[in-house]
Amino acid sequence: VTPPNQQVDHNGNITVPYAGQVKAVGLLPAELGTRIQTLLSARALEPQVVVTIVDRRADPVSVLGDVGKATSFALDPAGVSLLGAVAIAEGPKFPAYESVVTMQRDGQIWRGRLSDIMGNPGLNRWLSPGDTIYVSHEQRYFVAMGAIGQSGSLGPVDRRLAFQDSDLTLMDALGRAGGLNDSLANSRAIFVYRLEPRTAINLAAAESVGAPELPADLPTVYLIDLNNPAGFFYASKFPVHGEDVVYVANAPASDLQKFLTLMIGASASSSAIRETIKGLY
């Protein structure tokens, strides 16, 4: 006999013919089958009971945001990981390096870029019932300023450039900005401006002289000299972070060039004015 499907009520019970109310909460299917079999043994000769789970509706996991298909599902007994949940939702709509995964659990929030989760198995967390996963499209940008080689003849000059990759080095950033302007750039003065957390900076010297309490994020400036061949290797390994400002200083000769250009322009204007006055008389 196959009785109708039974839904576990709010007290954790199901109803079984000839066995009445049976406590099901906290039991595996085999354990519940053994309990029902024991209750039926007083009414039937050598009863055999098989219990299967048809559907799980308690505390589903929800996956929302920029995914192929938003979904809500119950966790499998074997467990589902963060990447597994994104896969059930048909994956992200945008590249992994532009997709941020936010997991909400018990009032706590954890965030991570999808490309970082894929590259680090330790970040691929196992889900718990009731978790909510939100995938958002968040590009990372850096700002390039100063004597860079980006030309207006190639289109509008955009100083705020997208990473377009999971990782970006300073050499990649300079190449994406069009390289150095040969006539203006000072290859000895390539600066990177960044807010660094205190934990990333060695503050032993400051603490030894009794410096005041510093903020959590410290304005930090990095300098690389590309006139030194070793600078190219440093720039190829130096990582650029989101919201960094890359600044290429002007060469000293460029200021003289600007001054001479201004003086030549002023001299030409004065000559034109004198010719105009002569014509009037």
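What is the volume of the largest cavity? I looked this up before anything else, and the answer is about 40 Å³. A reminder to myself: I am working with a predicted model.

**Entry: the cavity**

I asked how many cavities of 30 Å³ or more the structure holds. I found one. Next I listed the residues that line the largest cavity: Tyr97, Glu98, Arg113, Glu138, Gln139, Arg140, Ala162, Phe163, Gln164 and Asp165. I then sorted this lining by character, and it divides into five charged, three nonpolar and two polar residues.

**Entry: the whole chain**

I stepped back to look at the overall make-up. The protein chain has twelve strands and seven helices. It runs to 281 residues, and 28% of them count as buried. I also checked how far apart in sequence the contacting residues lie. Taking contacts between residues at least 6 apart in sequence, I see that 56% join residues at least 24 apart.

**Entry: a sheet of five strands**

In which order do the strands of the open sheet stand? I read it off as β4-β3-β7-β5-β6, five strands in all, with mixed pairing. The edges are taken by β4 (71-73) and β6 (108-113); each has a single partner strand, so one side of each is left without a neighbour in the sheet. I looked up the twist as well: ignoring direction, neighbouring strands here are turned by 15° against each other on average.

Then I followed one edge inwards. β4 pairs with strand β3 (residues 61-65) in the antiparallel sense, over three bridges. To find this pairing in the model, I used Val63, which stands opposite Thr71 in β4.

**Entry: Val51**

I stayed with β3 a little longer and turned to the loop between α1 (29-40) and that strand, where I found Val51. How large is the relative accessible area of Val51? The value is 24%, so I noted Val51 as partly exposed, given that buried means under 20% and exposed over 50%.

Which residues does Val51 touch, leaving aside its neighbours within four places in sequence? My list reads Pro29, Leu32, Gly33 and Ile36. I also looked up a C-alpha separation for Val51: the atom lies 9.1 Å from that of Leu28, and the two residues are 23 apart along the chain.

How values were computed. Residues are numbered from 1 along each chain as its sequence is written. This is a predicted model: local features need pLDDT of at least 70, side-chain atom pairs count only at pLDDT 80 or more; totals for chains, interfaces and linings use all residues. Side-chain values use heavy atoms; hydrogens and water are left out. Two strands pair if DSSP finds at least two bridges between them. Helices (H or I, at least four residues) and strands (E, at least two) are DSSP runs, numbered from the N terminus. Axes are lines fitted to C-alpha atoms, for helices over the stretch in contact, and angles run from 0 to 180 degrees between N-to-C directions. Buried means under 20% relative accessible area, exposed over 50%, partly exposed in between (1.4 Å probe, protein chains only). Contact means heavy atoms within 4.5 Å. On a 1 Å grid over the protein atoms alone, a cavity is a set of points where a 1.4 Å probe fits but cannot get out, and a pocket is an open set with protein on both sides within 12 Å along at least five of seven lines; lining residues have an atom within 4 Å of a point. Grid points are joined across faces, edges and corners, and a volume is the space filled by probe spheres set on the points. Ala, Val, Leu, Ile, Met, Phe, Trp, Tyr, Cys and Pro count as nonpolar, Asp, Glu, Lys and Arg as charged, and the others, Gly among them, as polar.
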